[in-house]
Amino acid sequence: MTVDWSWISDHAGDLTTLSVSHLQAALSAVLLGLVISLPLAVLAHRVRPLRGFLLGMSNVLFTIPSIAVFVLLLPVSGLTRTTTVIGLTIYTLVVLLRNTVEGLDAVPARTKEAAKAMGTRPLRTLFTVELPLALPVIMAGVRIATVMSISLVSVATYIGDGGLGQLFTDGFQRNFPTPVVAGVVLTLLLALIADALLVAVQYVLTPWTRKGRA
């Protein structure tokens, strides 16, 4: 398999545009997934009878093939970026919801009791004690969801979106491997860079873990 390097240099602008579009779709899905999963995770953590139902529903949604999800959404949101983001968000929920619940479960009961003894209200305890201590586990889920979303954006090519996935379609249709190779490499680079940035964010937001290691 020969790569046409001149094609890559001639299409550098298009590759940049597709990479930005690809990343925007993935990050939008992760952010929306966080907005949805955080309150659901708190609910599942506080109301135990709902825990199995919510986690079970997220698992069921995760088993639906990605192409089928996009097709089912077409009558609702059409051939738009909205369809892509909603579809990807569905897949982020199973990771984000489960990790957030597990992170909250891992907060020591004595820590919460100490906050209660100091007169801290439950909502304030959630935001100042529980969520910060659960952050390492939550961030692990965010990292997985982000990498997963970046890899799945390409599937949206079948509905006219897909970012770098358009390169795969173009290469296969023309029996020209260069766009396919470029798409694979750029998708991998986006995933690696996004994961590295999230590790840096976690490092900044959890200084107590660094002190613990020291």
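**Exercise 1. Which residues does Ile150 touch, not counting residues up to four places away in sequence?**

Worked solution. Keep in mind that this is a predicted model.

- Step 1: Leave out the neighbours up to four places away in sequence; Ile150 then touches His22, Leu23 and Ala26.
- Step 2: Ile150 also touches Thr187, Leu190, Ala191 and Ala194.
- Step 3: Now place Ile150 in the bigger picture. The largest nonpolar core has 29 residues, and Ile150 is listed with Phe70, Leu88, Leu152 and Leu167 as having the most contacts inside it.
- Step 4: Check who supplies this core. At least two residues each come from α2 (12-46), α4 (66-77), α5 (81-105), α7 (122-152) and α9. The top contributor is α5, with 6 residues.
- Step 5: Don't stop there, though. Another core, of 15 residues, lies apart from that one, and its members include Leu34, Val42, Val107 and Ile138.

**Exercise 2. Find the nonpolar patch on the surface that includes Ile193.**

Worked solution.

- Step 1: Look for Ile193 in helix α9, which covers residues 177-205.
- Step 2: Pick out its patch partners: Val185, Leu188, Leu189, Leu192 and Leu197.
- Step 3: Add up the exposure. Together with Ile193, these residues have about 570 Å² of accessible area.
- Step 4: Set that against the general trend: in soluble globular proteins, nonpolar side chains tend to be buried together.

**Exercise 3. Decide whether Asp10 is buried or exposed, and say where it sits.**

Worked solution.

- Step 1: Locate Asp10 in helix α1, residues 5-10.
- Step 2: Asp10 has 63% relative accessibility, so it counts as exposed; the cut-off is over 50%.
- Step 3: Go 40 residues along the chain to Leu50: the C-alpha atoms of Asp10 and Leu50 are separated by 55 Å.

Key:
Residues numbered from 1 in each chain as written. Predicted model: local features only at pLDDT ≥ 70, side-chain atom pairs only at ≥ 80, totals over all residues. Heavy atoms only, no water. Patch = residues over 30% accessible without salt bridge, like charges linked within 9 Å, V, L, I, M, F, W, Y side chains within 5 Å. Areas by Shrake-Rupley, 256 points an atom, 1.4 Å probe, with all protein chains shown as cover. Salt bridge = Lys/Arg side-chain N within 4 Å of Asp/Glu carboxyl O. Helix = DSSP H or I, 4+ residues; strand = E, 2+ residues; numbered from the N terminus. Buried < 20%, exposed > 50% of the residue type's maximum accessible area, 1.4 Å probe, protein only. Core = buried A, V, L, I, M, F, W, Y, C linked by side-chain atoms within 4.5 Å. Contact = heavy atoms within 4.5 Å.
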